[in-house]
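Colleague: I'm new to reading helix packing. Could you walk me through a model, one feature at a time?

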Amino acid sequence: MPGSRPPEVKIRRSFPDVLAGGIFVLIGGAFVAGSLGYDLGTPLRMGPGAFPLLVGSIVAALGLAIVVKGLVAGEVIVFGSIPWRAVAVIVVAVLFFGFAVRGLGFVPTSAVTALLTTLASSRVRPLTAVAVAAGLTVASTLIFVVALQLRIPLWGPWLGF
């Protein structure tokens, strides 16, 4: 019909995708920029800057893809309330691990950190939290101390043995 307009196409944009993708691009770009200060080497004999350059490029490319997806085919997402208890407990657990691992040793620090992060959820029962913390402590000790042979004392000087 003359004078009729085509229906408008509304493009939905996803702000969380654009924001998350932008953060990935920034982090990847920082790794790329930092890697350029090191010797890149050759493809057969890579230097210390080759791996951060490769990983940073991949992270930045994935971030760019997320940004494009958020701009082109975004979804309307409604966020609920922020779980402040969980955020605070996890931040405290990470800080505790960083400050206490040399003094307490790997095993007790890992156990307390795992217990704290497990208790970040209000739905976890105490017995389940202790079981998960014990399992994570054993697994992380086997992985980092036994398999990877990191030189971390299992028991620290603060414990007296």
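**Reading the helices**

Modeller: Let's start with one pair: helix H3 (residues 84–104) and helix H4 (residues 106–118) have axes that come within 8 Å and cross at roughly 175 degrees. This is a predicted model, where local features need pLDDT of at least 70 and side-chain atom pairs count only at pLDDT 80 or more, while totals for chains, interfaces and linings use all residues. Residues are numbered from 1 along each chain as its sequence is written, and side-chain values use heavy atoms, leaving out hydrogens and water.

Colleague: How do I read those two numbers for H3 and H4?

Modeller: Two packed helices are described by the angle between their axes and the distance between the axes. Axes are lines fitted to C-alpha atoms, for helices over the stretch in contact, and angles run from 0 to 180 degrees between N-to-C directions. Angles under 35 degrees count as roughly parallel, over 145 as roughly antiparallel, 65 to 115 as roughly perpendicular, and the rest as oblique. So H3 is roughly antiparallel to H4.

Colleague: Which residues of H3 and H4 make the contact?

Modeller: Contact means heavy atoms within 4.5 Å. On the H3 side you'll find, among them, Val89, Phe96 and Leu104, and H4 brings residues including Phe106, Val112 and Leu116. The contact of H3 with H4 has 12 nonpolar residues, four polar and no charged. Here Ala, Val, Leu, Ile, Met, Phe, Trp, Tyr, Cys and Pro count as nonpolar, Asp, Glu, Lys and Arg as charged, and the others, Gly among them, as polar.

Colleague: At what angle do H1 and H2 pack?

Modeller: Helix H1 (residues 15–35) and helix H2 (residues 50–72) pack at about 160 degrees, with axes 7 Å apart. H1 and H2 are therefore roughly antiparallel to each other. Their contact divides into 13 nonpolar, nine polar and two charged residues.

Colleague: How many helices and strands are there in the protein?

Modeller: Five helices and zero strands. Both are DSSP runs numbered from the N terminus: helices are H or I with at least four residues, strands are E with at least two.

Colleague: Is glutamine 149 buried or exposed?

Modeller: Buried means under 20% relative accessible area, exposed over 50%, and partly exposed in between (1.4 Å probe, protein chains only). Glutamine 149 has 61% relative accessibility, so it counts as exposed. You'll find glutamine 149 in the segment after helix H5 (126–147), and its phi is near 55 degrees, a positive value in a residue other than glycine. Across the protein, buried residues make up 23% of the 161 residues.
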